[in-house]
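Biologist: Got a minute? I'd like to go through this structure with you.
Modeller: Sure, put it up and ask away.

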Amino acid sequence: MSIIAKWVSDLGGFAQKQQLVRLGATDASLTSAIRLGAVRRARNGWYSTADHRAPEFMAVRIGGRLTGLSAIRAADGWVLERNGPLHVSVPRNAARLRSPRNRRVALTARYKHGVMVHWDDANIRDAGSATAVGLQDALVRVISDEDAVTAVAALDWALHTRRIELSDLDRMLARLPERYRYLRDWVDPACESLPESLSRTRLRLLGHHVSSQAALRTAERVDLVIDGAVGLETDGEEFHWDRFLADRLKDIQILREGLIPVRLPAKVVFHNWPLAVAAVRAALALRATFGNSGSCGDACSAGPAAPPCLRGERPTLARGS
């Protein structure tokens, strides 16, 4: 690795020319590093060791930083859509914005090639990094731009991983119109995965009572209890043989405590939600036919259903709902 590449890497993979000059770089050494392929010039005065196809590289090339879902995705947050538009935040007075494909583009809110530019100003609250706005600013963008299912998933992730606290969420919601305040009652810091978050919100939007992480008598927890009758477990994206037996024993315990167990693979939640709904409804119908065969204790406590006003307030249901 060249010394220029090492300096850029130590600075997080992106560095401005003046940072490198302070470390001892010269015009000749920077030109040589680019010619040798040790670093890339993202835009005038910016050098990077990142792949030119990386979202961070494209954001810097355009003249801004990742925001919204793009920033959450870059931080390994819970985002279902992996190929959505690139969201880039630029200063209100930004000029000479470039295309990520090295073609000149006009200064408009929407770009070709799946890039969306957001013109930010003094409302940006935290500095973030050279390639992304601060997490809370990115989440505010998600809340204001995305549907409820997507916004709740991003917030669940940030709360569950302790990147933000509920008090932070309150401050974020205070920056937005009152119509977004409902989200405070829809997030769950105890949520453990994206498929769990998506299932909980979608089922609530369909009018079901849903409680999260309900306790069984074995001290295990059920991901979701639906209408006090169905114990729903959502498996992760990867299958693990070392979890197979434990998961089946848990299903047995759910059944023993008076709930109908349903286990949904992540791919079904992500890509075939109608099938997931059909499975839940079939289990609810089965429970209604045979009645309660036991006591499920705390697991049967029902959470609040979706308020009727929310269903018509803004687009909320994800594709396939």
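**Talking through the sheet**

Modeller: Let's start with one residue pair: Arg65 stands opposite Ser89 in strand E5. Keep in mind that this is a predicted model.

Biologist: Which helix packs on the sheet there?

Modeller: Helix H4, residues 55-62. Helix H4 touches E4, E5 and E6. Its direction makes about 35° with that of E5.

Biologist: What is the strand order in that sheet?

Modeller: The order is E4-E5-E6. The sheet is open, with 3 strands and mixed pairing. The edge strands are E4 (65-66) and E6 (115-120). Each of those pairs on one side only.

Biologist: How many bridges join E4 to E5?

Modeller: There are 2 bridges, and E4 and E5 run antiparallel. Strand E5 covers residues 86-91.

Biologist: And E5 to E6, parallel or antiparallel?

Modeller: Parallel, with 6 bridges joining E5 to E6. Look at Val90 as an example: Val90 stands opposite Trp119 in E6.

Biologist: Where do side chains point in a regular strand?

Modeller: As a general rule, they alternate between the two faces of the sheet.

Biologist: Is E6 mostly covered or mostly open?

Modeller: Mostly covered, as 5 of the 6 residues in E6 are buried.

Biologist: New topic: backbone angles. What is phi of Ala219?

Modeller: Phi of Ala219 is near 80°. That is a positive value in a residue other than glycine. Ala219 is found in the loop between strand E7 (210-215) and strand E8 (221-226).

Biologist: Is Ala219 buried or exposed?

Modeller: Exposed, because its relative accessible area is 66% and the cut-off for exposed is over 50%.

Biologist: What about phi of Asp227?

Modeller: Phi of Asp227 is near 55°, also positive in a residue that is not glycine. Asp227 lies in the loop between E8 and strand E9 (230-234). Asp227 is partly exposed, with a relative accessible area of 32%.

Biologist: Last thing, confidence. What is the mean pLDDT of the protein chain?

Modeller: The mean is 83, and 80% of the residues reach 70 or more.

Biologist: Where is confidence lowest, and where is it highest?

Modeller: Confidence is lowest in helix H13 (residues 308-311), at a mean of 44. Helix H7 (residues 148-160) is highest, at 97.

Biologist: Which stretches stay under 50?

Modeller: One of them is residues 101-113, where the model has 22 contacts beyond four places in sequence. Another is residues 293-309, also below 50. That stretch has 38 contacts in the model beyond near neighbours in sequence.

Methods: Residues numbered from 1 in each chain as written. Heavy atoms only, no water. Pairing = 2+ DSSP bridges. Helix = DSSP H or I, 4+ residues; strand = E, 2+ residues; numbered from the N terminus. Contact = heavy atoms within 4.5 Å. Axes fitted to C-alpha atoms, helices over the stretch in contact; angles between N-to-C directions. Buried < 20%, exposed > 50% of the residue type's maximum accessible area, 1.4 Å probe, protein only. pLDDT = per-residue confidence, 0-100.
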